[in-house]
Amino acid sequence: MILIQGGRVIDTERNQEKTADVVLKDGIIAGIGDYRDDGSYEQVIDASGCVVAPGLVDVHVHFRDPGLTYKEDIQTGAGAAAAGGFTTVVCMANTKPAADCAEIVKYVIREGEKTGIHVLTCAAVSVGMKGQELTDMEKLREAGAAGFTDDGIPLMNGELLRRAMEKARELDVPVSLHEEDPSFIRNNGIHHGEAAKQLGIYGSPAIAEDSLVARDCMIALDTGAKVNIQHISSVKAVEAVRQAKKMGAKVTAEVTPHHITLTEEAVLQYGTLAKMNPPLRTEEDRRALIKGLLDDTIDIIATDHAPHSREEKEKPLTEAPSGIIGLETSLALMITELVDKGYMTMARLMAKMSLNPARLYGLECGRMAEGAPADLVIFNPDESFTVQKFCSKARNSPFTGWTLKGRVHYTICQGKVVYRNVL
């Protein structure tokens, strides 16, 4: 048994917090209230000055395993997740080979069970992620796939996507979508705006995203499927999701910490470390993303943790791969940018980072209640630290050297401490 004493306990379901003690026993939360250390506990954690919240859930990570493990592997990715306060992650299907068969899905799940956290995986929507033929979604679900996505590649065939949504509805799992129409894009990863002009390139305009989001929200409405719009980045895409929800579509949207924090100008300062798909956009877009979070148009904060090697990121801007790592900076960035600046309470932030993503996949975690899984994060929201070291294999982050607030002290999964950082 573990006794956690004197922390600010976050109730994500009721949007409340209170100072209380928490008892963990046999992998579940056995009690929340006033408990004394009577000598019967295996471990007692002093959480005074800290927040005690449900373990974070990230529905969008790339662990590059199998096939690209020089960038990351399941063990190092899970280590980075635990260091960031995450107890559950959902891997994307764009491994090498792609997770379009039961063997790959089972491999990821099996390797994930060797880590200290819950590692789930999506399977590919299309065979080889080529957008031409549906995978055997029923067989992949039976193998353990949590949902379906061709993330990294947009699904341009609307009729194929409609059939995928219909099958996903039958299986009661979400389809997650990367929304960028390549016909509008000349240089991916950089917004078609003022920064691109200064760089002498065309870039990627928001219409590439907006057009597919609008289409897919309507297909979701027509099919009744659960659809997740991934890494949303533009004003009009947010509005399309807002209207689709009003019409009754079962659409959710996720946003990354970097799209909330940075704008297109970051590419002028950080170069390839600020290149990602979809790209960082304008200040107007950034503010629309925050507004979308506040009115619940955007349900989830997800990292899109995308590790790359130093050699890859040191290539010229138009040749380097898109993406940054995010698991170890996500919580602190959101405390610094959203909570400390008064946009939202800690309880609402924790819902966006734990309860809502858990609900998307029908998971029991993300809650702080008696009988809920003993998956927790303990962090000090007032403690500043400088981003320097990473547990990830990769280092491709524009936030290196930033001073943020919100140091993770403990990550606990299934009632066991999987990460500890106490000075």
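A residue counts as buried under 20% relative accessible area, as exposed over 50%, and as partly exposed in between (1.4 Å probe, protein chains only). Arg-286 is buried, with a relative accessible area of 11%.

This is a predicted model: local features need pLDDT of at least 70, side-chain atom pairs count only at pLDDT 80 or more, and totals for chains, interfaces and linings use all residues. Residues are numbered from 1 along each chain as its sequence is written, and side-chain values use heavy atoms, with hydrogens and water left out.

**Arg-286 and its contacts**

Arg-286 lies in helix α10 (residues 283-294). Helices (H or I, at least four residues) and strands (E, at least two) are DSSP runs, numbered from the N terminus. Contact means heavy atoms within 4.5 Å. Leaving aside neighbours within four places in sequence, Arg-286 is in contact with His-259, Ile-260, Thr-261, Leu-262 and Thr-263.

**The sheet of 3 strands**

Strands pair if DSSP finds at least two bridges between them. One open sheet has 3 strands in the order β6-β7-β8, with parallel pairing. β6 (56-61) and β8 (118-121) stand at the edges, each with a single partner strand, so one side of each has no neighbour in the sheet. Neighbouring strands here are turned by 20° against each other on average, direction ignored. Strand β7 (residues 86-91) pairs with β8 over 4 bridges, in the parallel sense. Thr-88 has His-118 in β8 as its bridge partner.

**The sheet of 5 strands**

Another open sheet holds 5 strands in the order β9-β10-β11-β12-β13, and the pairing is parallel. Its edge strands, β9 (148-149) and β13 (300-301), each pair on one side only. Strands β10 (residues 175-177) and β11 (residues 227-229) run parallel and are joined by 3 bridges. Leu-177 stands opposite Ile-229 in β11.

**Helices on the sheets**

Angles run from 0 to 180 degrees between N-to-C directions; axes are lines fitted to C-alpha atoms, for helices over the stretch in contact.

| Helix | Strands touched or crossed | Angle |
|---|---|---|
| α2 (residues 102-112) | β7 and β8 | about 170° with β8 |
| α13 (residues 346-360) | β6 and β7 | about 65° to β6 |
| α4 (residues 158-171) | β9, β10 and β11 | about 145° to β10 |

**A partly exposed methionine**

Where is Met-218 found? Met-218 sits in helix α6 (residues 207-223). Met-218 is partly exposed, with a relative accessible area of 38%.
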